[in-house]
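Q: Please give me a close look at one part of this model. Where does it sit, what does it touch, and what lies around it along the chain?

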Amino acid sequence: VSDAEMPESAEGTFVQRKTLADVEVTITSKGTFRFEKGRFFEFKTLEPMPSTFVATPTNYSMTVNGQTTAHPLKNDVTSVAKIFEIKEVREFVKQVRTEPERGFPEKVTVDFKNGDRLAIEMKR
C-alpha cells in the first residue's frame with residue numbers, strides 16, 4: 001500500500017477474529033480504530049477484554065489492565081498491514097493480505113507460521 005493512496009485520516013469500528021490452529025478455536029474481538037497519516041494508528045479493543053494499541057512513527061505501545069508497555073520502532077507502522085512488520089511480530093508472520101490492495105483496507109488477513117490466522121474487518 002503506497003502512502004499516497006492512504007487517506008489523511010480515518011476512524012471507525014473493527015471486528016477481529018483470531019483462529020487458533022492447535023485447538024481449532026476462534027476468538028472474536030470488537031473495538032474502534034483511529035488513523036492519522038504519518039502520525040498514529042490506534043486500535044482500541046472494547047470486548048472481550050479492553051486494551052489499546054497505538055503505533056506512531058517512532059514507537060508503539062500496548063495498554064492492558066492499566067499497564068502500558070512501549071517499544072521503539074525502526075519502521076513506519078502507520079498503516080494496518082505494516083503493523084505486522086514490527087520486529088517482535090514479523091518473525092511469526094507467514095503472509096499479510098489486504099482488501100482492497102490499494103488505499104485504506106476494509107479487511108486484513110494474517111497467516112501465522114504456526115497455522116493461526118487473524119482476520120480484521122474495518123468499517124469507516
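A: The answer below starts at one strand residue and then works outward to the charged pairs, the turns and the unusual backbone.

This is a predicted model, in which local features need pLDDT of at least 70, side-chain atom pairs count only at pLDDT 80 or more, and totals for chains, interfaces and linings use all residues. Residues are numbered from 1 along each chain as its sequence is written, and side-chain values use heavy atoms, with hydrogens and water left out.

Start with Val-25. It lies in strand 2, which covers residues 25-36. Strands here are DSSP runs of E with at least two residues, numbered from the N terminus. Is Val-25 buried, partly exposed or exposed? Val-25 counts as partly exposed, because its relative accessibility is 36%. The cut-offs are under 20% relative accessible area for buried, over 50% for exposed, and partly exposed in between, with a 1.4 Å probe and protein chains only.

What does Val-25 touch? Leaving out residues up to four places away in sequence, Val-25 is in contact with Lys-18, Thr-19 and Leu-20. Contact means heavy atoms within 4.5 Å. Another pairing spans much of the sequence: Val-25 and Asp-116 are 91 residues apart along the chain, yet their C-alpha atoms are separated by 9.8 Å.

Val-25 also belongs to a surface patch. Val-23, Val-25 and Ile-27 form this nonpolar patch, and together they have about 230 Å² of accessible area. Patch members have over 30% relative accessible area and no salt bridge; like charges are joined within 9 Å, nonpolar side chains (Val, Leu, Ile, Met, Phe, Trp, Tyr) within 5 Å. The areas come from the Shrake-Rupley method with a 1.4 Å probe, and for residues only the protein chains shown count as cover.

Now step back along the chain to Glu-24. It sits in the loop between strand 1 and strand 2. Glu-24 is exposed, because its relative accessible area is 74%. Its backbone deserves a look. Phi of Glu-24 is near 50°, a positive value in a residue other than glycine. Asn-65 also has a positive phi of about 50° and is not a glycine. Its place is the loop between strand 5 (59-64) and strand 6 (67-72). Asn-65 counts as exposed, because its relative accessibility is 66%.

Why flag these angles? Most residues other than glycine have a negative phi, and most peptide bonds are trans.

The peptide bonds give two further entries. Glu-47 and Pro-48 are joined by a cis peptide bond, with omega about 5°. Pro-48 is in the loop between strand 3 and strand 4 (51-55). Glu-99 and Pro-100 are also joined by a cis peptide bond, here with omega about -10°. Pro-100 lies in the loop between strand 7 (93-99) and strand 8.

Strand 8 covers residues 107-112 and holds Thr-109. Thr-109 is buried, because its relative accessible area is 3%. Neighbours within four places in sequence set aside, Thr-109 is in contact with Gln-95, Val-96, Arg-97, Arg-117, Leu-118 and Ala-119.

Arg-117 leads to the charged pairs. The structure holds six salt bridges. A salt bridge is a side-chain nitrogen of Lys or Arg within 4 Å of a carboxyl oxygen of Asp or Glu. One of them pairs Arg-117 with Asp-111, the closest N and O atoms being 4.0 Å apart. Salt bridges that share partners join Arg-97, Asp-111 and Arg-117 into one network. Asp-111 counts as buried at 18% relative accessibility, while Arg-117 counts as partly exposed at 39%.

Strand 2 has residue 34 within its range of 25-36. Arg-34 forms a salt bridge with Glu-42, the closest N and O atoms being 3.0 Å apart. Arg-34 is partly exposed, with a relative accessible area of 38%. Glu-42 counts as buried, at 11% relative accessibility.

Lys-37 pairs with Glu-8 in a salt bridge, with the closest N and O atoms 3.8 Å apart. That pair links distant parts of the chain, 29 residues apart: Lys-37 is in the loop between strand 2 and strand 3 (40-47), and Glu-8 is in the segment before strand 1 (9-20). Lys-37 is partly exposed, with a relative accessible area of 26%. Glu-8 is exposed, at 59%.

Definitions and conventions
Helices (H or I, at least four residues) and strands (E, at least two) are DSSP runs, numbered from the N terminus.
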